[in-house]
Amino acid sequence: MSKILSVRDLHVSYGAIKAVRGISFDIEEGEIVTLIGANGAGKSSTLNCIAGLFRPVGGEVEFKGQSIVGVKPHKIVERGLALCPEGRRVFTRMSVAENLDMGGYTRSDDENAKTLEVVYEHFPRLRERVGQFAGTMSGGEQQMLAMGRALMSRPDLLMLDEPSMGLAPILVDEIFSIIKELNKLGTTILLVEQNASMALSIADRGYVLETGTISKTGTGAALLHDDDVKRAYLGG
Ligand code: ATP
């Protein structure tokens, strides 16, 4: 295995607010790694910063051995790193097909035609709803669309920000089994979740974020059985 992402001493601030205070972590190719933590711990800030949506105030982010600090978000997507953002952020007044088309803008039409078939295999419901406006779909369907849109760029590393948020338990199960399947097929995953038990149960490794710093790390299984983690994030 080789390192696909390396984050070193990352600092993210919004004016005087220090959201991320010097975190470091690595992801190996083929892994599922999760960042768990309470509201406001800095999880989304970390993902958004890696995706290039804003520049860190300090630290380094290397993707496939090259720095991506200061690289424009669309160029980061072209290098093989995609973000499926918190709250889905689908284009509500566009159809399912148009949303997926937007996700494939870095790729050729031929490539997109092939990837679209792969996306529809993972998410058959999107094929059924291909002409429907995204804004009229259920939360679960919008989540599938947001994931499908991110997959259209054929990422080597897919970052998922709270994919289970607001979904019924049966859909949470479905989304998590799709994440596992995508990983088995070769996509490395960085998963941010408040549903810590689900996230840790599918993750190779996890990091616990508390007020912008990493307080604990370990394998998914070890963190799932860690007393502090159980008390703080697993309801017991
Ligand atoms: P959540 O699960 O609630 O999204 P999180 O762990 O993803 O939490 P962040 O959204 O990264 O946490 O927020 C980290 C800190 O940064 C919080 O104190 C938050 O209020 C603050 N913050 C986030 N975005 C902004 C912003 N655009 N402007 C100012 N402060 C922000």
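**Exercise 1.** Find the bridge partner of His11 in β4, then set out the sheet around this pair.

*Solution.* In this predicted model, the bridge partner of His11 is Gly58 of β4. Residues are numbered from 1 along each chain as its sequence is written, and side-chain values use heavy atoms, with hydrogens and water left out. Local features need pLDDT of at least 70 and side-chain atom pairs count only at pLDDT 80 or more, while totals for chains, interfaces and linings use all residues.

Step 1: fix the terms. Helices (H or I, at least four residues) and strands (E, at least two) are DSSP runs, numbered from the N terminus. Two strands pair if DSSP finds at least two bridges between them.

Step 2: go through the pairs. β1 and β4 are antiparallel and share five bridges. β1 and β2, also antiparallel, are joined by nine bridges. β4 (residues 58-63) pairs with β5 over two bridges, again in the antiparallel sense, and Phe63 stands opposite Gln66 of β5.

Step 3: assemble the order. The result is an open sheet of four strands, β2-β1-β4-β5, with antiparallel pairing. β2 (17-28) and β5 (66-67) each have a single partner strand, so one side of each edge strand is left without a neighbour in the sheet.

**Exercise 2.** Describe the hairpin of β1 and β2, and say which helix lies across these strands.

*Solution.* Start at the turn. Two residues lie between the strands of the hairpin, and Gly15 takes a positive phi near 60°. Tyr14 stands opposite Ile17 of β2.

Next, the helix. α1 (residues 43-50) lies across β1 (3-14), β2 and β4, and runs at about 115° to β1. Axes here are lines fitted to C-alpha atoms, for helices over the stretch in contact, and angles run from 0 to 180 degrees between N-to-C directions.

**Exercise 3.** Give the strand order of the six-stranded sheet and place Phe176 relative to it.

*Solution.* Step 1: the order is β6-β7-β8-β3-β9-β10 in an open sheet with mixed pairing. Its edge strands, β6 and β10 (213-219), each pair on one side only. Neighbouring strands are turned by 15° against each other on average, direction ignored.

Step 2: take one pair. β7 (residues 157-161) and β8 (residues 188-193) run parallel and are joined by five bridges; Leu160 has Leu191 of β8 as its bridge partner.

Step 3: add the helix. α7 (residues 169-184) lies across β3 (32-37), β7 and β8, at about 155° to β8. Phe176 sits in α7.

Step 4: examine the residue. Phe176 has a relative accessible area of 2% and is therefore buried (buried means under 20% relative accessible area, exposed over 50%, partly exposed in between; 1.4 Å probe, protein chains only). Neighbours within four places in sequence aside, Phe176 is in contact (heavy atoms within 4.5 Å) with Ser164, Leu191, Glu193, Met198, Ala199 and Ile202. Ser164 is 12 residues away along the chain, with 8.1 Å between the C-alpha atoms.

**Exercise 4.** Is Lys64 buried or partly exposed, and what does it touch?

*Solution.* Lys64 lies in the loop between β4 and β5. The relative accessibility of Lys64 is 41%, so the residue counts as partly exposed. Residues up to four places away in sequence not counted, Lys64 touches Ile4, Arg79, Gly80 and Asp156.

**Exercise 5.** Describe the linings of the largest and second largest pockets.

*Solution.* Step 1: the term. On a 1 Å grid over the protein atoms alone, a pocket is an open set of points where a 1.4 Å probe fits, with protein on both sides within 12 Å along at least five of seven lines; lining residues have an atom within 4 Å of a point. A volume is the space filled by probe spheres set on the points.

Step 2: the largest pocket holds about 570 Å³. It has 22 lining residues, and the closest to its centre are Leu53, Val77, Leu83, Pro85 and Arg149. α2 (73-79), β6 (81-84), α3 (96-103) and α6 (139-151) each supply at least two lining residues; α2 gives the most, with four. The lining has 14 nonpolar, four polar and four charged residues.

Step 3: the second largest pocket has a volume of about 220 Å³. Its lining includes His122, Arg154, Asp156 and Leu182, and α4 (residues 109-122) provides the largest share, four residues. Six of the lining residues are nonpolar, four polar and two charged. In both counts Ala, Val, Leu, Ile, Met, Phe, Trp, Tyr, Cys and Pro are nonpolar, Asp, Glu, Lys and Arg charged, and the others, Gly among them, polar.
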